[in-house]
There are 2 protein chains.
Amino acid sequence: MGAIRPGEVCTAVPERNDAALWFVGRLRTPWQNPRDCPRQGDAVAGPVCRIEIDPRWTEALTGIERKERLLLLYWMDGARRDLVRQSPRNDGATTGTFSLRSPNRPNPVASSVVTLLGREGDVLLVRGLDCVDGTPLIDLKPDYGGRPCPEH
Amino acid sequence: MGAIRPGEVCTAVPERNDAALWFVGRLRTPWQNPRDCPRQGDAVAGPVCRIEIDPRWTEALTGIERKERLLLLYWMDGARRDLVRQSPRNDGATTGTFSLRSPNRPNPVASSVVTLLGREGDVLLVRGLDCVDGTPLIDLKPDYGGRPCPEH
């Protein structure tokens, strides 16, 4: 968990939890440290990364091969969850956490859209990730770019 | 929690939780029942809805007035979390949960992009929601439509 910067403000976090998450897999990328990660994933020219799905959920991948783009939700393990005002430039100027896309937020869930290159059993090969190696996966689903979903 | 349809398959859910969520607010919409909700939110012509933020997190809204579009993450309370194969059309044909955008998934987190119309204290007025009244909010952040984020 990072240190507080000048001007940043914390709140008292809730004493009880409202819902629980199960990690359904891990994201495998070339980046071992947050400072090595690209600013934004590149779903066309970025490196090929792996999504390793927990065997408990393998059957939930059925039919995934036919999807071109996937929306991933993942958990940013190292985030501070108590900041309500942050200073992105570390210059004393602050703004509210919900006005920022910072990983430090009450529920540190991030999203990425990736292109699916292939599947090898419990593993998906994708382009477009920008997170650290080993990041826990919360969910994946087809991405239709905001167009109506053809499922029904 | 809904009944299982013909052909659908459940898995044994994990015995322990991996991470916890805190609800940071509630979404207030005109729809009291899932069957009344629109298929997809309309951020231009949809009804004006309210996001009520928990007072603990009010200060995290600082600066939000200057954002035009917000990405919301919310929790689909009534979802089944144990389905690995689902039959969207209820016709015996099934596919994997991760190949679908169904609310029934291991971690039932949904997302919407909305337009921000205004703020009144702890309340944001938005267009583009499609969820049931009272849905718990997990996160909100500016949406830049995939363009680089101007924060740093």
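**Exercise 1. In this predicted model, which residue's side chain is joined to that of B:T97 by a polar contact, and is B:T97 buried or exposed?**

*Solution.*
- Start with the side chains: B:T97 and B:Q86 make a polar contact of 2.9 Å.
- Next, look at the backbone. The backbone oxygen of B:L83 sits 2.6 Å from a polar atom of the B:T97 side chain.
- Now place the residue in the fold: B:T97 belongs to the loop between β7 and β8 (109–120) of chain B.
- Then list who touches B:T97, skipping residues up to four places away in sequence: B:L83, B:V84, B:R85, B:Q86, B:N104, B:R105 and B:P106, plus A:A60 from chain A.
- Finally, the accessibility. B:T97 counts as buried because its relative accessibility is 0%, and the cut-off for buried is under 20%.

**Exercise 2. Work out the strand order of the open three-stranded sheet in chain B, and say which strands are at its edges.**

*Solution.*
- The order reads β1-β6-β7, and the pairing is antiparallel.
- The edge strands are β1 (9–10) and β7 (95–96) of chain B, as each of them pairs on one side only.
- Zoom in on one pairing: β1(B) and β6 of chain B (residues 83–86) run antiparallel and are joined by two bridges.
- To pin down the register, put B:C10 opposite B:L83 in β6(B). That's the B:L83 whose backbone oxygen turned up beside the B:T97 side chain.

**Exercise 3. Sketch the fold of chain A: how many helices and strands are there, and what percentage of its residues count as buried?**

*Solution.*
- Count the elements: zero helices and ten strands. Read from the N terminus, then, the string is β-β-β-β-β-β-β-β-β-β.
- For the overall dimensions, the C-alpha atoms fill a box of roughly 50 × 35 × 30 Å along the principal axes.
- Of the 152 residues of chain A, 50% count as buried.
- As for contact range, take the contacts in chain A with a separation of 6 or more: 78% of them come from residues 24 or more positions apart.

**Exercise 4. Describe the contact between chain A and chain B: how many residues does each chain put in, and what area is buried?**

*Solution.*
- Begin with the head count: 63 residues from chain A and 62 residues from chain B.
- The area buried between the two chains is about 6,000 Å², with 54% of it from carbon and sulfur atoms.
- On the chain A side, A:W22, A:F98 and A:R101 lose the most area to chain B, together 16% of what that side buries.
- Polar contacts come next: 40 residue pairs across the interface, both residues at pLDDT 80 or more.
- Which strands of chain A take part? At least two residues each come from β2 (19–21), β5 (69–75), β6 (83–86), β7 (95–96), β8 (109–120) and β10 (135–142). The largest share, five residues, is supplied by β10(A).
- By type, the chain A side splits into 32 nonpolar, 14 polar and 17 charged residues.

**Exercise 5. How many salt bridges link chain A and chain B, and in what sense does β2(A) pair with β2 of chain B?**

*Solution.*
- The salt bridge count is four. One of these joins A:D139 to B:R105, with the closest N and O atoms 2.8 Å apart. B:R105 also appears among the residues that touch B:T97.
- Now the strands: β2(A) and β2 of chain B (residues 19–21) pair in the antiparallel sense, over three bridges.
- To check the register, start from A:A19: its bridge partner in β2(B) is B:L21.

How values were computed
Residues are numbered from 1 along each chain as its sequence is written. Chains are lettered from A and ligands numbered from 1 in the order in which they are written. This is a predicted model: local features need pLDDT of at least 70, side-chain atom pairs count only at pLDDT 80 or more; totals for chains, interfaces and linings use all residues. Side-chain values use heavy atoms; hydrogens and water are left out. Contact means heavy atoms within 4.5 Å. Buried area is the accessible area (1.4 Å probe) that two parts lose on being put together, summed over both. A salt bridge is a side-chain nitrogen of Lys or Arg within 4 Å of a carboxyl oxygen of Asp or Glu. A polar contact is a pair of N or O atoms within 3.5 Å; within protein, one must be able to donate a hydrogen and the other to accept it, and residues adjacent in sequence count only if both atoms are side-chain atoms. Helices (H or I, at least four residues) and strands (E, at least two) are DSSP runs, numbered from the N terminus. Ala, Val, Leu, Ile, Met, Phe, Trp, Tyr, Cys and Pro count as nonpolar, Asp, Glu, Lys and Arg as charged, and the others, Gly among them, as polar. Two strands pair if DSSP finds at least two bridges between them. Buried means under 20% relative accessible area, exposed over 50%, partly exposed in between (1.4 Å probe, protein chains only).
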